[in-house]
Amino acid sequence: MRVAVDAMGGDYAPAAVVRGAVRAAGEDLADIILVGDAGAIEKELKGFSDIKNIEIVHTREVITNEEAPALALRRKKEASIVVATRLVKEGRAQAVVSAGSTGAQMAAALLILGRSGAIQRPAIATILPTLEGPKLLLDAGANVDCRPEHLYEFAYMGHLYASKVLGISEPRVGLINVGTEAIKGNEVTLGAYQLLKEAELNFIGNVEARDLPKGVADVYVCDGFTGNTLLKFGEGLAEALFKKIQSEVKKSLAARLGAALLLPTLRRLKQEVDYAEYGGAPLLGVKGVSIICHGSSDERAIYNAIRLAVRCVQERLVESLNSFSKDNSGRKRVKDWQA
């Protein structure tokens with residue numbers, strides 16, 4: 001198996017990306033193709049005495065977060081994320097991993113790989129830590145404006161991902177809404193509710209945001225605006241809570257002694273809510289495995305993202321999504337419901 005890694009994407013590229021890739025290659029998770037400036041990559045590789053399963057594909061162009069994705073793709077046809085995605089299209093790699101511009105990676109996946117089956121809108125599926133373990137949230141930012149049929153398709157893709165990659169049998173699907181009652185919500189969520197309650201999914205109904213951390217569902221479905229907002233709020237809240245704990249601990253000797261006893265527990269808790277533990281988020285609904293990483297991904301995050309990419313390939317996730325026929329599509333379902 002070969003994984004193409006955008007060596008120039010991310011706040012700490014190429015150093016952190018190369019270190020994570022070398023670790024993954026060293027453990028024989030996959031052969032790694034590092035895409036980017038060969039000189040910069042080779043400079044980072046000099047720090048390792050034993051390197052195996054690593055190939056470099058040279059390109060100097062990089063798409064930044066400040067550039068408009070679609071325009072940048074037309075202007076920079078040899079950008080690292082474009083070349084890495086093209087390797088998947090050509091069959092030279094089975095997956096692509098990047099911590100660079102999310103917009104550019106999504107645009108490259110859509111234009112180069114194309115959509116799976118009858119999927120209208122690919123979605124970012126990210127892990128959400130809960131009291132019941134990691135759960136799935138989608139869409140986490142790919143689609144700001146959605147229609148009911150798009151949420152139906154997100155639920156279907158989330159169901160497949162939770163079943164195949166997370167190993168959850170008959171995953172519970174919940175629709176994020178302002179209330180649990182079926183009559184609550186806006187036009188989009190009301191329509192999505194009607195589609196989902198008739199779908200061949202384990203749909204448990206509407207879920208309020210306060211219930212997400214409790215793990216009441218295995219797959220949480222919403223539009224990309226809501227999902228991204230929830231995700232960023234959760235990240236900020238977790239960071240603020242840990243800083244508050246650190247501040248309170250310093251105020252007294254008793255607090256410091258208590259913290260010393262709780263230190264192993266606090267470390268485990270911090271690890272559970274750390275995005276680096278899960279590596280990245282797959283862009284579901286395209287004809288290839290494309291893992292989107294946090295911009296501030298470190299070595300551990302890149303390593304875990306490669307692990308995730310390998311798991312998605314092994315579980316034939318793309319093939320399953322390609323089987324999503326027009327008869328099962330959200331467009332067809334919403335027409336039937338409206339009729």
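Modeller: For the direction of two elements, angles under 35 degrees count as roughly parallel, over 145 as roughly antiparallel, 65 to 115 as roughly perpendicular, and the rest as oblique. This is a predicted model, in which local features need pLDDT of at least 70 and side-chain atom pairs pLDDT of 80 or more, while totals for chains, interfaces and linings use all residues. Residues are numbered from 1 along each chain as its sequence is written, and side-chain values use heavy atoms, with hydrogens and water left out.

Colleague: Why is helix 1 called oblique to helix 2?

Modeller: Helix 1 (residues 15-26) and helix 2 (residues 38-45) cross at roughly 60°, and their axes come within 9 Å. An axis is a line fitted to C-alpha atoms, for helices over the stretch in contact, and angles run from 0 to 180 degrees between N-to-C directions. The helices themselves are DSSP runs (H or I, at least four residues), as are strands (E, at least two), numbered from the N terminus. The crossing of roughly 60° falls in none of the three named ranges, so the word is oblique.

Colleague: What is the handedness of the crossing of helix 1 with helix 2?

Modeller: Right-handed. That word is used if the near helix is turned clockwise from the far one by less than a right angle, and left-handed if anticlockwise.

Colleague: Which residues of helix 1 and helix 2 meet, and how do they divide by class?

Modeller: A15, V18 and V22 of helix 1 touch I41, E44 and L45 of helix 2, contact being heavy atoms within 4.5 Å. Five of these residues are nonpolar, none is polar and one is charged. Nonpolar covers Ala, Val, Leu, Ile, Met, Phe, Trp, Tyr, Cys and Pro, charged covers Asp, Glu, Lys and Arg, and the others, Gly among them, are polar.

Colleague: What makes helix 6 oblique to helix 7?

Modeller: Helix 6 (residues 148-164) and helix 7 (residues 187-197) pack at about 50°, with their axes 8 Å apart. By the same ranges, helix 6 is therefore oblique to helix 7. On the helix 6 side the contact is made by P148, E149, L151, Y152 and A155, and on the helix 7 side by E187, V188, G191, A192, L195 and L196. By class they are eight nonpolar, one polar and two charged. Helix 6 passes helix 7 in a right-handed crossing.

Colleague: At what angle do helix 4 and helix 5 pack?

Modeller: At about 35°, with the axes of helix 4 (residues 80-89) and helix 5 (residues 102-113) 9 Å apart. Among the residues that meet are I81, V82 and V88 in helix 4, and A104, A108 and I112 in helix 5. The whole contact has eight nonpolar, two polar and two charged residues.

Colleague: How do you know that strand 6 and strand 7 pair?

Modeller: Strands pair if DSSP finds at least two bridges between them, and three bridges join strand 6 to strand 7 (residues 135-138), running antiparallel. L128 stands opposite K135 there. The two strands belong to an open, mixed sheet of five strands in the order 6-7-10-8-9.

Colleague: Why do strand 6 and strand 9 count as edges?

Modeller: Strand 6 (126-128) and strand 9 (202-207) each have a single partner strand, so one side of each is left without a neighbour in the sheet. The twist averages 30° from one strand to the next. Helix 6 lies across strands 7, 8 (172-176) and 10 (219-221), at about 165° to strand 10.

Colleague: How many strands are in the sheet with strand 3 and strand 5, and in what order?

Modeller: Seven, in the order 3-2-1-4-12-11-5, again open and mixed. Strand 3 (54-58) and strand 5 (123-124) are at its edges, because each has a single partner strand. Strand 1 (residues 2-6) runs parallel to strand 4 (residues 95-98), with three bridges between them; A4 has V96 as its bridge partner. Helix 2 packs on this sheet, touching strand 2 (31-36) and strand 3, and makes about 155° with strand 3.

Colleague: Why is the pair of Y193 and F203 called what it is called?

Modeller: Rings of Phe, Tyr and Trp (its six-membered ring) pair if their centres lie within 6.5 Å; planes under 30 degrees apart are stacked, over 60 edge-to-face, and the rest tilted. Here the centres are 5.4 Å apart and the planes at 75°, so the pair is edge-to-face. Y193 is in helix 7 and F203 in strand 9, 10 residues apart.

Colleague: Which residues does a cis peptide bond with omega of about 0° join?

Modeller: A13 and P14, with P14 in the loop between strand 1 and helix 1. L138 and D139 are also joined by a cis bond, with omega about 15°.
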